[in-house]
Amino acid sequence: MSVAPAPPTPEATPALRRFADNLRHSPQRFRDAVVRSGAPRSDRSRSTFVFSSLFLHLHSVRVHRWSLRWSATMGLGVITAAAFFLTLVTGILLMFYYKPYPDVAYLSMKDIHFVVPTGRFIRNIHRWAANIMVVGVFLHMARVFFTGGYRPPREFNWIIGMGLLAVTLGLSFTGYLLPWDQLAYWAITIGANIAQSPRELTDALHLTQYFDPGGLTKLLLLGSETVGEEALIRFYLLHVMILPLVLTGLLGVHMWRVRKDGGIVRPADADQRLQPLEPSTYPVFTETPQKTYHLAAVVRGRTPAVGNGPENTVPAMPHLFYAEAGAFMLTILICVVLALLKDAPLKELANPAVPENPAKAPWYFLGLQELVSFSAFMGGIGIPTIVLLGLGLIPFLERETAGTGEWFGGPGGVRTVLRSTAFGLGTVLAVEAFVIRFGWIRQWWPHVPQLVITAINPGTVLTLLYALFSVALVKKYDSTRAGAVALFTCFLCGYVVLTIIGVHFRGPNWEFFWSPSQWPVH
Amino acid sequence: MNARANKHLLLWSSLATLVALGWAAYRENALQEWRVVQRDYKRHLPAANAAEFKVQLRQIVVPNLHAADRCVSCHVGMAPGETGVAGNALFAHHPNVFHDPGEFGCTVCHGGQGRATERAAAHGDVPNWPQPMIPRHYAAAGCGGCHTHLEVPRLAALEHGKNLVERNDCLACHKLDGRGGTTRPGGAGGMEGPDLSRVGAAGFDRDWYPHHLARRDTSRVRAWRTSFAEIAPEDRDAIEALLVSRVGAAGLVEAKAVFHSRGCRGCHKVGGVGGDDGPDLTRIGEMDPGQRNFTHVEGAHTVANWLAEHFRKPAVVVAGSAMPEFGLTEKDIDALVFYMLSLRRSNLPEAYWPKDRVRAERFGAREFSADGATLFGTFCAACHGSNGEGMRYPGMVAFPAIGNPDFLGIASDAFLKATITHGRRPRRMPAWGESEGGLRPAEIDFVVAYVRSLGGGASPLDDGKPARWVAGDARIGAALYAASCSACHGKNGEGGEGTALANPTLLRNATDTYLVETIRRGRRGSSMLGFGTGSVTRRALAQSEIEAIVAHIRSWEAHP
Amino acid sequence: MTANAPASSKRSRLDPEAMPRRDFLGIAAIWSATATLLFATLGIARLPRAAVLPSPSKKFRVTLPDALAPGVAFVPPGRSVAILRDAAGIFAISTICTHLGCIVKQAEDGFHCPCHGSRFGPDGQVVRGPAPKPLSWLAVTHTGGNTFVIDEGKVVAPGTKVAV
């Protein structure tokens, strides 16, 4: 009688055999160790694939079909994040050659431009991605606003988003100094003096010697009285270390909250309005669900499943990831093509004795610079603070539900937006035309106290007019949403118009010109 | 839901990005200008050298000069260790110069953007690069970045020295500025006399003349005995003045000599010496063409062309310029442009400063020779004329002809010296003895002596009278002045066509004899008539009447 | 769970997703994106390798003191070259130790390296210690008078001397 040999236990095989087997299986086991769920082919393995990955589990496992419509988000958030990723990668690369010390910094920029392999290309991408990031942040914010995405439960994420806006602008601004050329030097000199501009107020009130927040801010920013080596190293530290860390942290919270707040905002009746699934699409929850998502994750407020059922969700893997990867590659494409077509600017070496004329800040600050040309404090600090406060308060002051998830949802719909656009554009153009044609208080009465101009200047006048218009719409529609839409639209129009004027129509000595070709040669 | 659309988006953006990246890679690795140039260079090389030659970026790094000059990435023949392709404009070896490019880099002399690796950017003909390359025609202007050429005489003196060198046949044995040294008295195998082209920098034996004489008298070589003739002392001085200026930058020194003949320092400062009426020119050669107004400049937008056009018509190129149109010849304009381009200052560590710059900036050595003629040419000629004939420019009051024998016949040396020292403000004559960038007392004496020589040696009248002796009746004088003088000299002596007489420095320095004699004799060649003699239209003034006028003029001294 | 499924033709969400006409589009998209990112990474990897080095020219001119005694090294300031004179002429030996790059010092019997005790003879040959190679001899060109051009980048055979 022979007994069938027992399957060899691990101990039974010689150690050397085991070693050889292990060696042979190592690649397979390594793969299994990395991706525990196996190939994401079934619904379950896809879900596991998503939530067992640190990077993917910021997404929910399933995503609503409404959110995947291009018109829902236009991919703006992903594009902005992708641009940030690009600046991160290219920025780290630039750090191989950049030397943060005055004059030497400029020479290292020249080296990057002329001799570093791929240096010029990488720098161009960095510059373009930074610009796209700024544009993306603004557009993303507008999208969220106009689709009512700030409403509960997303109030906090709206505020995080504002933080991201501020940090993004801060990153761009600090990066502006690093090339140490004329453009950089004078833009930052202006920026630093805007930081000092609360003195305008404290001086007028004779408080500066007791309480000088402006001077302190400037000192903290520059580490000195003028832009110099201390300022450069501070800006460098902010640009490559502090702000990117803050931004990454906020971005993580921001994305995580998107998921925890129930995904992208969508209308309450989104399910009814979607086309039925094409038969070829992989079926979704054809069986009775064994569990619902509000059991799987404890989320306050509306969850993707509550009341709607999961019928209109699809697995994030792969549907969402195709969309995200598509937007990501599109961003790269845009940056790469722009980088091929146009080099990032680099002017003459910074010269503290000869100001650039006109000395212009980065383009996204030129709207502010236009306001600053009347009152440094109001334009540079006062009005931005009012705007940021206003934006931050929107989700708490406007708590209606009608129109959530709809583009331009709310009373009046698109008409409210168009009307606000007309008012916003008309007002800012009228005020600017008046100022350009007739000047402002200082030109008429040179001895008028600064406090009067600080209080009454084109910036504050515009703000006041916009606020009045908004109040009027609140009354007309008996809706806070209408007022919010009016205010947001007006400020957006004002910002855009002022920026365009600052970029294109302002020349040496900040005078008005129809075109830069008319600038007198200085 | 856009499942297919998203996949398409991903696919096509990825492929387009791949193409764009591929193009970027190709552009960087194959199309870069210096790569194309170096491949061409390789084709020009003999096969043996071509095999060794690697296409790669090249540069000359000189840490002390902050130079990392990549010019040699295209001008490969000038890279250290490269042989170059003779006769090829781009690939030739650098001409043999005193400063080895391998040791000093390129931009320290030639300007331009050393860090750039593209033609336009490297040559600096791009926006946002303030220092374009010095044009090849003016290449020696680059010397001015570090050197300050000292004791450069006026042009006529240089020309005189050169004529003497020719006349005395020095070039038979010596080489000078690339000429001569053809006869070899010592037999075959080389030039007997040393090359004199840099003798001003290297220094030379001040006893060269006795040495030459002794050599002539003792040498057995026939050529020595026959070819060296005696040279007069003043000719030797002229030759030495020329030799001092031979520092290996012949054209530039000649250009500077033009500057020292045209009286430019009368209005402009260079290195802190000169007048204040015009802009300081110390670093004018570094001007950024991007910051210049080319609206009224014909031709290329280059610094050289801007300067040339400005010399042709100053007030057109720079609106409101007080600089007169001198009517310079094109040759002079070219020389002045050359010199202007050389006015630059590289920020060298002092260890790198050449001796001449140390002497000029630390010990106050003069850039012009200290002889009266050169001083006059340097400071005075623009207004008073090269020979003291006095200049007349459109829109300006005529400048006095101080070479006028009638003037020199009555103006004493003391008067000349006082006028030069204290000037005649508020007129344009600066106080050269009092101003910061002015003349030193000894130099003023040289100028006075030179001015004296312009009048054909006329020595001033010396009647032994004190400075103030006139005791005329100022009231009579006032009437006479109103009738005869006020038309030109102004009602209250404020001047007009004629000199402003109510000028405190004039009245302080001029003696009564000077005033009386000027009125009596007049000044031929100018509008000032001799009132001591009559004409068909007016009678002669009596001596007492002249004295009365002087007394009236003197009355302004108390109440200007 | 499949037991609970209604008996219908519908597929289960636990089944692998059917790809009726294999998803060429999706696969192509993923692979092209991967290829693009890979290509970009390769491009990026080139950046840290500097195209030009910031080191000064290896060729330099030196004027030797008149009283340079035979066998006594003259080291030009800032350079790691010992220039020596003997009856046959002038020659230059690099003072960079061939072991790990420290600077050797001239001693009575040649050159000593302070870092790991390598010792070299007067001609640069290894006498002791870990140095694997003798010190390099460098190209010298005579340009007249006491002036010579040394090329630190050009190694010549030991014993190459320039007669003066």
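In what order do the four strands of the open sheet in chain C run? The order is 4-5-6-7, and the pairing is antiparallel. Keep in mind that this is a predicted model, with an ipTM of 0.88 and a pTM of 0.86. Below is a quick tour of the confidence, the chains, some helices, the strands and one contact.

**Confidence**

- Chain A comes out with an average pLDDT of 87, and 91% of its residues score at least 70.
- There are weak spots in chain A, though: residues 294-299 have a pLDDT below 50, and that stretch has seven contacts in the model beyond near neighbours in sequence.
- Residues 301-309 of chain A are also below 50, and here the model has 19 contacts beyond near neighbours in sequence.
- For chain C the average pLDDT is 84, with 87% of the residues at 70 or above.
- Residues 1-9 of chain C stay under 50, and the model gives them nine contacts beyond four places in sequence.
- Within chain C, confidence is lowest in strand 1 (residues 59-63), at a mean of 83, and highest in strand 6 (residues 119-120), at 94.

**Chain A**

- Helices make up most of the element list here: chain A has 22 helices and two strands.
- Its C-alpha trace spans about 120 × 60 × 50 Å along the principal axes.
- Of the 522 residues in chain A, 45% count as buried.
- Take the contacts in chain A between residues at least 6 apart in sequence: 76% of them join residues at least 24 apart.
- Asp269(A) sits in the loop between helix 12 (229-260) and helix 13 (270-273) of chain A.
- Asp269(A) counts as exposed because it has 10 C-beta neighbours inside 10 Å.
- Between Asp269(A) and Phe156(A) there are 24 Å from C-alpha to C-alpha, and the two are 113 residues apart along the chain.

**Chain B: overall picture**

- Chain B has 26 helices and six strands.
- Its radius of gyration is 32 Å, well over the 24 Å that the globule rule gives for 560 residues, so chain B is more spread out than a compact globule.
- Along the principal axes, the C-alpha trace of chain B spans about 110 × 95 × 40 Å.
- Out of the 560 residues in chain B, 40% count as buried.
- For chain B contacts between residues at least 6 apart in sequence, 61% join residues at least 24 apart.

**Chain B: two helices to look at**

- Helix 13 (residues 303-312) of chain B is mostly covered, with seven of its 10 residues buried.
- Those buried residues are Val303(B), Ala304(B), Trp306(B), Leu307(B), Ala308(B), His310(B) and Phe311(B).
- The cover over them includes helix 14 (314-317) and helix 15 (330-342) of chain B.
- Helix 26 (residues 543-558) of chain B has 16 residues and reaches 24 Å from its first C-alpha to its last, close to the 22 Å expected at 1.5 Å a residue.
- The unbroken run from Glu545(B) to Ile553(B) in helix 26 is buried, including Glu547(B) and His552(B).
- Helix 22 (474-484) and helix 25 (512-521) of chain B are among the elements covering the buried residues of helix 26.

**Chain C: strands**

- Back to the open sheet: its edge strands are strand 4 (105-107) and strand 7 (126-128) of chain C, and each pairs on one side only.
- Strand 5 (residues 110-112) and strand 6 of chain C run antiparallel and are joined by two bridges.
- Across that pair, Phe111(C) stands opposite Phe120(C) in strand 6 of chain C.
- Strand 2 (residues 81-86) and strand 3 (residues 89-94) of chain C also pair antiparallel, over six bridges.
- Strands 2 and 3 of chain C make a hairpin with two residues between them.
- In this pairing, Arg85(C) stands opposite Ile90(C) in strand 3 of chain C.

**Where chains A and B meet**

- The contact takes 29 residues from chain A and 26 residues from chain B.
- On the chain B side, the residues touching chain A split into 12 nonpolar, 10 polar and four charged.

Conventions
Residues numbered from 1 in each chain as written. Chains lettered and ligands numbered in written order. Predicted model: local features only at pLDDT ≥ 70, side-chain atom pairs only at ≥ 80, totals over all residues. Contact = placed C-beta atoms within 7 Å. Nonpolar A, V, L, I, M, F, W, Y, C, P; charged D, E, K, R; others polar. pLDDT = per-residue confidence, 0-100. Expected span 1.5 Å × (residues − 1). Buried ≥ 20, exposed ≤ 12 C-beta atoms within 10 Å, placed from the backbone. Pairing = 2+ DSSP bridges. Rg over C-alpha atoms; globule rule 2.2 N^0.38 Å.
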